Amino acid sequence: MQQTATAVKDDAERVAFPIPANVFAEKVVSVKHYTDRLFSFRVTRPQAFRFRSGEFVMIGLPNAEKPVFRAYSIASPAWDEEIEFFSIKVPDGPLTSHLQKVQPGDTVLLRHKTTGTLVVDALTPAKRLFMISTGTGIAPFASLVRDPDTYEKFDQIILTHTCRDHAELAYGVELFEALAADPLIGEVVQDRVTLYSTTTREITPRMGRITRLIETGRFYEDLGIAPLSPETDRVMICGSMHMLKDVKELVEGLGFKEGSLAHPADFVVERAFVG
Ligand code: A2P
């Protein structure tokens with residue numbers, strides 16, 4: 001018998017569409033709205049679903065014969081029993097305009113295949129790992145900071161998160177609170193991972209684009225750390241297109257070389273999903 005799933009509630013009638021091939025149909029477990037632009041949700045994890053922390057997967061909704069799929073970074077670590085996503089809400093977005101309405105019990109589709117460049121194996125060993133993010137670009141790093149493998153490879157992890165306003169930083173702040181209290185990795189990560197959050201459009205104690213904070217040296221002063229160097233450090237970048245370009249140029253100017261799984265090196269880049 002062909003598998004079907006019921007469409008999300010905003011459709012006038014609840015219709016059952018066939019599940020496409022090579023996808024898992026999973027149930028939403030919980031949803032949390034942070035602002036009118038950001039929300040996170042968790043879905044059940046099929047036993048056969050395998051991925052590396054930091055990777056992304058194509059997700060969709062069973063609300064059409066041919067559902068719209070978009071790439072989403074998996075925000076939960078590879079060991080987690082559920083799958084977490086952190087998403088933007090785009091009013092007319094072909095996927096997010098519907099996805100933002102999901103409720104516990106609804107179905108979300110996940111393609112089987114996962115991929116991505118923000119994996120620790122794409123970097124050569126070093127002392128410190130800097131993860132630079134804006135907006136929902138924090139998602140793959142939410143996965144990596146919760147994975148003990150990241151701490152096997154790096155002594156110190158510094159995650160930067162820049163958003164327009166204070167409310168948009170809440171996901172990262174909650175992530176770090178939960179990390180410290182986590183019975184599994186709370187002890188491993190103690191004193192080894194730091195969150196550096198900044199805002200650009202609302203006045204808060206720590207303001208500015210990360211590029212500017214690095215260039216002026218304020219970032220290093222705030223954290224009391226040595227400046228970025230390819231000899232000691234590796235960098236992962238995820239967020240808006242403009243930020244990726246500027247941070248890439250900045251680290252290349254410092255002598256960092258871009259890496260990949262085939263050719264591990266000093267830094268890796270991935271665009272956060274938009275739309
Ligand atoms: P800004 O407010 O100065 O544009 P968005 O919500 O539009 O995706 O942006 C997320 C964050 O990324 C914002 O705080 C934004 O700052 C910042 N940002 C945008 N472009 C760049 C860039 N080229 N370099 C550094 N940060 C950037």
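Mentor: In what follows, a pocket is an open set of points on a 1 Å grid over the protein atoms alone, with protein on both sides within 12 Å along at least five of seven lines. The model under discussion is predicted.

Trainee: What is the volume of the second largest pocket?

Mentor: The lining of the second largest pocket consists of 18 residues. Among those nearest its centre are Tyr34 and Arg42. The space this pocket offers comes to about 290 Å³.

Trainee: Which element gives the most residues to the lining of the second largest pocket?

Mentor: Elements that supply two or more residues to this lining are β3, β4 and α4 (170-181). With five residues, the leading contributor is α4.

Trainee: How many residues in the lining of the second largest pocket are charged?

Mentor: By class, nine residues of this lining are nonpolar and two are polar. The charged residues number seven.

Trainee: What is the volume of the largest pocket?

Mentor: The largest pocket is lined by 26 residues, and Thr134, Gly135, Thr162, Arg164 and Ser240 are the closest to its centre. Its lining includes nine nonpolar, 10 polar and seven charged residues. The volume is about 630 Å³.

Trainee: Which element contributes most to the lining of the largest pocket?

Mentor: At least two lining residues come from each of β10 (156-163), α6 (210-216) and α8 (241-253). With four residues, the greatest contribution is that of α8.

Trainee: How many residues surround the ligand?

Mentor: A residue is counted here if one of its heavy atoms lies within 4 Å of the ligand. The closest are Arg164, Thr200, Arg201, Arg209 and Asp246. The full count is 13.

Trainee: At what distance does an oxygen atom of the ligand lie from an N or O atom in the side chain of arginine 37?

Mentor: A polar contact requires a pair of N or O atoms within 3.5 Å. Through backbone atoms, cysteine 163 has an N or O atom 3.3 Å from an oxygen atom of the ligand, and methionine 243 has a polar atom 3.5 Å from a ligand nitrogen atom. For the side chain of arginine 37, the distance to a ligand oxygen atom is 2.9 Å.

Trainee: Which strands lie at the edges of the open sheet of six strands?

Mentor: The order in this antiparallel sheet is β6-β5-β8-β3-β4-β7. An edge strand pairs on one side only. The two edge strands are β6 (70-73) and β7 (82-88).

Trainee: Which residue in β4 stands opposite valine 31?

Mentor: Strands β3 (residues 23-33) and β4 (residues 38-44) are joined in the antiparallel sense by five bridges. Opposite valine 31 stands phenylalanine 41.

Trainee: Why is one side of β11 and of β13 left without a neighbour in the sheet?

Mentor: The second open sheet has five strands, paired in parallel in the order β11-β10-β9-β12-β13. Both β11 (193-199) and β13 (267-271) stand at its edges, so one side of each lacks a neighbour, and the reason is that each has a single partner strand.

Trainee: What is the average twist from one strand to the next in this five-strand sheet?

Mentor: In the antiparallel sheet of six strands, neighbouring strands are turned against each other by 40 degrees on average, direction ignored. For the parallel sheet of five strands, the average is 10 degrees.

Trainee: Which residue in β13 is the bridge partner of glycine 239?

Mentor: Strand β12 (residues 233-239) pairs with β13 in the parallel sense, over five bridges. The partner of glycine 239 is arginine 271.

Methods. Residues numbered from 1 in each chain as written. Predicted model: local features only at pLDDT ≥ 70, side-chain atom pairs only at ≥ 80, totals over all residues. Heavy atoms only, no water. Pairing = 2+ DSSP bridges. Axes fitted to C-alpha atoms, helices over the stretch in contact; angles between N-to-C directions. 1 Å grid on protein atoms, 1.4 Å probe; cavity = no way out; pocket = protein on both sides within 12 Å on 5 of 7 lines; lining within 4 Å. Points joined across faces, edges and corners; volume = space filled by probe spheres on them. Nonpolar A, V, L, I, M, F, W, Y, C, P; charged D, E, K, R; others polar. Polar contact = N/O pair within 3.5 Å; in protein donor to acceptor, adjacent residues only side chain to side chain.
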